[in-house]
Amino acid sequence: MNKRMNIGLLGFGTVGTGVLQIIQDHQDKLVHQLGCGVDVKKILVSDIEKKRDVNVAPEQLTLDPQEILDDPEIDVVVEVMGGIDDARSYIRHALENNKHVVTANKDLMALHGSELLQLADKQNCDLFYEASVAGGIPILRTLVEGLASDRITKMMGIVNGTTNYILTKMSKEGRMYDEVLKEAQALGYAEADPTADVEGLDAARKISILGTLGFSMNLDLNDVSVKGITDVTSADLHYCDQLGYTMKLVGIANRCGDKVEVSVQPALVPHEHPLASVDDEYNAVYVYGEAVGETMFYGAGAGQLPTATAVVSDLVEVLKNKRLGVNGNSVVIPQFDKKLKTDEEIYSKYFLRIHAKDIPGTFASLTSLFNEYGVSLEKILQVPLSEGTLAEIIVVTHAVSKKNYDTVLEKLKSAGVVVEVKSSYRVEGEMKK
Ligand SMILES: NC(=O)C1=CN([C@@H]2O[C@H](COP(=O)(O)OP(=O)(O)OC[C@H]3O[C@@H](n4cnc5c(N)ncnc54)[C@H](OP(=O)(O)O)[C@@H]3O)[C@@H](O)[C@H]2O)C=CC1
Ligand SMILES: N[C@@H](CC=O)C(=O)O
Ligand code: NA
């Protein structure tokens, strides 16, 4: 196969520019691996006059998607424009025209991945999306191929760089949330509207994709319970450090038997857990497999060249498959029906911080309530508050069902000795399964 391969790029922003750069800079390696060169024939943009940071011939740019989607000389379409509706319709159009597709679009794959993968399967086309989760970390390929023989029971991911940057700077440098968020935006980690980052939605999209592939079960965004970092305070970070934990926004996908739980929340992980040392904008995905045991994959979760590396690696796989005549075989259709755990079946340890009256009988009434719902305490810390009549009480529970813990939390809010429930977080990383 000596003919050069043509690709069409939908989008030429941060990632698209990086894709062109890697294809140009690594052409020798591509030729060595594929036996032919790769050309970017056409690039879809929304503003043709915009000044570009890279060398691109004006005739390479177009405002018309059909020039890519209907061009019989284009073998692979790379979607790096983002958004949902246009991206979905262009990818469908490309697949219907028997073109293979590579995308970095987590928003789209978390919402419509199942539909698009089925279409790719029907068309005998490849549809790869490695860049959509944890940018440059090759985690999707690892789940599908590297751990193909194992049964994965747990995944915990720090999969949002913006929130990891904010929590790191707040806990290690004592800085304020608003100031660090602005810095993360300026550094280009955050989405255009950072709400999706700080409210946990971006991480939820990524953990739903990880859960779907890791558990071979069709999980979507609605299956993920989501809590972001906007309520985390410096007091929480202080006490969690004092008790031996680091706070991280963690996407969790757990399987027990044939049932799963998928969630995103700020959670406390022990200082010695490998996720605790993943700082700043870095991402990491911890995977526990019954046979392999603990593994963790670490690297840049965003940014131009790390993300573009994942896109171009997908492209190499598509083109290798094309050479072997086996496209479409690697489309992953889930094996199992979706079964979600109920709140009675989700077990976790919890960190709880309350303000209570500093009077005789406070602890007796708290422990009696905990006892009534089978909540056993592992760690207790009490600090008198400057007011003199109030105490800050922090407890870490043993593992308890979500159902019982939530009931206790509700009852604490109206317990006479409790002035305010200040915060509550899951404690993760001590039970592997
Ligand atoms: N940036 C990152 O670090 C990461 C990004 N991703 C994903 O990669 C994708 C691209 O992200 P990124 O490169 O940052 O985005 P940018 O906003 O930097 O670039 C988007 C590009 O798409 C073009 N575009 C957008 N909408 C349209 C449209 N309707 N018609 C034609 N052109 C359009 C824009 O055109 P123009 O240039 O003319 O404005 C621009 O070139 C997203 O899905 C994102 O979630 C995934 C992981 C990390
Ligand atoms: N906003 C995202 C960018 C990559 O997906 C993040 O902060 O990780
Ligand atoms: Na990745």
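**Figure 1. Val 80 and its surroundings in the predicted model.** This is a close-up of a predicted model, centred on Val 80, which is found in the loop between strand β4 (76-79) and helix α4. Val 80 has 26 C-beta neighbours inside 10 Å, and a residue with 20 or more is called buried, so Val 80 counts as buried. Leaving aside neighbours within four places in sequence, Val 80 is in contact with Leu 9, Leu 10 and Gly 11. The contacts of Val 80 also include Val 15, Gly 16 and Val 19, as well as Ala 104 and Val 311. Thr 17 is 63 residues away from Val 80 in sequence, yet the two C-alpha atoms are 9.5 Å apart in space.

**Figure 2. Strands β1, β2 and β3.** Strand β1 (residues 5-10) and strand β2 (residues 38-44) run parallel and are joined by 6 bridges. Leu 10 stands opposite Leu 44 of β2. Strand β2 also runs parallel to strand β3 (residues 61-62), and here the number of bridges is 2. Leu 44 takes part in this pairing too, standing opposite Thr 62 in β3. Leu 10 appears in Figure 1 as well, among the contacts of Val 80.

**Figure 3. The shell around ligand 1.** Ligand 1 is surrounded by 25 residues. The closest of them are Gly 11, Gly 13, Met 81, Gly 82 and Ala 302. Helix α1 (residues 14-25) supplies the largest share of this shell, with 3 residues. By class, the shell around ligand 1 holds 9 nonpolar, 12 polar and 4 charged residues.

**Figure 4. The shell around ligand 2.** Which residues surround ligand 2? They are Gly 135, Asn 160, Gly 161, Thr 162, Tyr 189, Ala 190, Glu 191, Asp 197, Asp 202, Gly 301 and Ala 302. This shell divides into 3 nonpolar, 5 polar and 3 charged residues. Ala 302 is also one of the closest residues to ligand 1.

**Figure 5. Glu 191, one of the residues around ligand 2.** Glu 191 belongs to the shell of ligand 2 and lies in the loop between helix α8 (177-186) and helix α9 (195-198). An unreviewed UniProt entry places the feature "binding site" at Glu 191. Glu 191 counts as partly exposed because it has 17 C-beta neighbours inside 10 Å. Not counting residues up to four places away in sequence, Glu 191 touches Ala 196, Asp 197 and Asp 202. Asp 197 and Asp 202 are also found around ligand 2.

**Figure 6. Two loop residues with a positive phi.** Most residues other than glycine have a negative phi. Asn 98 is not a glycine, but its phi is positive, at about 60°. Asn 98 lies in the loop between α4 (85-96) and β5 (100-103). Ala 134 is not a glycine either and has a positive phi of about 55°. Ala 134 is in the loop between β6 (127-128) and α6 (139-146). Are these residues buried or exposed? Asn 98 counts as exposed because it has 12 C-beta neighbours inside 10 Å. Ala 134 counts as buried because it has 32.

**Figure 7. Strand β9 and its partners.** Strand β9 (residues 245-256) has 12 residues, and 11 of them are buried, so β9 is largely enclosed by the rest of the structure. Strand β7 (residues 152-158) runs antiparallel to β9 and is joined to it by 4 bridges. In this pairing, Met 156 has Ile 252 of β9 as its bridge partner. Strands β9 and β10 are also antiparallel, with 12 bridges between them. Here Gly 251 stands opposite Val 264 in β10. The hairpin of β9 and β10 has 2 residues between the strands, and Gly 257 in this hairpin takes a positive phi near 65°.

**Figure 8. The contact of domain 2 and domain 3.** The domain assignment divides the chain into domain 1 (5-135 + 304-324), domain 2 (139-299) and domain 3 (347-427). The C-alpha centres of domain 2 and domain 3 are 26 Å apart. The contact takes 10 residues from domain 2 and 10 residues from domain 3. On the domain 2 side, the elements that give two or more residues are α11 (234-242) and β10 (259-270). Strand β10 gives the most to this side, with 4 residues. The side of domain 2 that touches domain 3 has 7 nonpolar, 1 polar and 2 charged residues.

How values were computed. Residues are numbered from 1 along each chain as its sequence is written. Chains are lettered from A and ligands numbered from 1 in the order in which they are written. This is a predicted model: local features need pLDDT of at least 70, side-chain atom pairs count only at pLDDT 80 or more; totals for chains, interfaces and linings use all residues. A residue is near a molecule or strand if its C-beta atom, placed from the backbone, lies within 6 Å of it. Ala, Val, Leu, Ile, Met, Phe, Trp, Tyr, Cys and Pro count as nonpolar, Asp, Glu, Lys and Arg as charged, and the others, Gly among them, as polar. UniProt positions are given in the numbering used here, feature names are shortened, and annotations may be inferred rather than shown by experiment. Two residues are in contact if their C-beta atoms, placed from the backbone, lie within 7 Å. Two strands pair if DSSP finds at least two bridges between them. Domain bounds come from an automatic or database domain assignment.
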